[in-house]
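Please follow this account with the sequence and the coordinates open. It goes from one helix to the core and then to the charged pairs.

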Amino acid sequence: MLSVFIACVTCLIPTYFWIVPESPRWLILQKRKTEALRILSKISKSNKKPMNFVEEIESLQNSAISLYRTTDEKLEFLELIKFFLKKRLYVFRTFILVVNWTVISAIYYGISFFTEKIPGDPYLNCILFIMVDLVALIFIQMTTERFGRKVPFTCAMTIGGITFILMTFLPNHSILSTFCALIGKLCIAFALNLSFTITSEFYPTFIRNSVTSLLVGIGRGGSVSSTYIHKFGELYKLYTLPFFIFGVSSLFAGLIFFTFMPETKEKTLPENLDEF
C-alpha cells in the first residue's frame, strides 16, 4: 500500500507544469514580455509590495544580456578552475560548505535510517521523525526572513549538536533520550533544507546549479558514512557513541560556518565571475 501511495503522489508532478511559473528573465529573453509582466504582477501581489514593472523588466533584460554575454565567452573548465583558485577566500568558504554538507548528510541519514535504535516504539518513532521534517520547513519560513540565514543555521547546528551529546549521558530507555533525538532531527532537517538556500545564494548564476549539485553529491559521502559510524558503535558495544560523534561534528560544523561564512539575506545574487 505504501508503494501505491508513493506512486500516486508522483503522478501529481506533471501538474507542476501549470502550477510553477516560468522564469521572467527567460521570458524576456524570448521576447515574451507580456507573460513576464503577468508573472511579475503575481509576485508583487503575493509579496504585498509595489513594483515598478517597467524598471524591473529593463533590469531583468540588462542582467540577462550581461549574463549570456559572460557565458558566451565559453570559459574553458581549466580557466574557470584557475580563476576560482585565485579567490582563496571563496575556496576556503567552499571547503566550509563541503564540511557542512557532509556532516549534515551523515547526521540526517544516520538518524533517519536508524530510528529503531531510538528508545520507544519503532513505528511511532518513524512517524514522528518524518513529521519533524515538515515542522522544520515551517520554522525555516518563520525565521529566515526575519533573522537571515546565518544565525538560524548556526543555532540549528548548535542545538542539534548539544541534544545528540546529551543522548550519550541519558539512560538508554529514557523518554528524554527520545525527546533529544527528535529535537536533534528537527534541527538537522532545518539545517539541511536551509543549506540549499545558502549554497544557491553564494555562487554566481551560471555555475549555481552545478556547484549546488556537486556539493549535494559530496554530502552523500556523509550519508554513506553514517552506516559505518553506527557499525563502529556496535563493534565496540558503545551504542551511544554514534550520537556523540554526530553531536561533536555538528557543533564543529556550525562553529566554522558562523565564524567564516557571510550572511546572504537581502544581498544581490552574483551574476558572473566579476561579482563573485
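Helix 12 has 20 residues, and at 1.5 Å a residue these should span 28 Å. In this predicted model, the end C-alpha atoms of helix 12 lie 29 Å apart, which agrees with that expectation. Several positions along helix 12 are buried: P242, F243, F246, G247, S250, A253, G254, I256 and F257. Those buried residues pack against helix 7, helix 9, helix 10 and helix 11.

The helix also contributes to the largest nonpolar core, a set of 45 residues. At least two residues of this core come from each of helix 7 (88-112), helix 8 (122-147), helix 9 (150-167), helix 10 (175-202), helix 11 (205-235) and helix 12 (241-260). Helix 10 gives the most, with 13 residues. Within the core, the residues with the most contacts are L97, F153, M157 and F164.

What is M157 in contact with, leaving aside its neighbours within four places in sequence? The list consists of N100, V103, I104, I188, A191, S250, L251, A253 and G254. Of these partners, S250, A253 and G254 are among the buried residues of helix 12.

The charged side chains come next. Side chains of opposite charge can pair when their charged atoms come close. The structure holds five salt bridges, and three of them are described here.

One joins the side chains of E201 and R149, with an N to O distance of 2.8 Å. This pair links distant parts of the chain, since E201 belongs to helix 10 and R149 to the loop between helix 8 and helix 9, 52 residues apart. Are these two residues buried or exposed? E201 has a relative accessibility of 17% and therefore counts as buried, the cut-off being under 20%. R149 is buried as well, with a relative accessible area of 10%.

Another salt bridge is formed by the side chains of E234 and K231, at 3.8 Å from N to O. Both residues are in helix 11, and because they are three residues apart, about one helical turn separates them. E234 is partly exposed, its relative accessible area being 30%.

K265 and E266 form a further salt bridge, with their closest N and O atoms 2.8 Å apart. The two partners differ in exposure: K265 is buried, at a relative accessible area of 18%, whereas E266 is exposed, at 72%.

Definitions and conventions
Residues numbered from 1 in each chain as written. Predicted model: local features only at pLDDT ≥ 70, side-chain atom pairs only at ≥ 80, totals over all residues. Heavy atoms only, no water. Core = buried A, V, L, I, M, F, W, Y, C linked by side-chain atoms within 4.5 Å. Buried < 20%, exposed > 50% of the residue type's maximum accessible area, 1.4 Å probe, protein only. Helix = DSSP H or I, 4+ residues; strand = E, 2+ residues; numbered from the N terminus. Contact = heavy atoms within 4.5 Å. Salt bridge = Lys/Arg side-chain N within 4 Å of Asp/Glu carboxyl O. Expected span 1.5 Å × (residues − 1).
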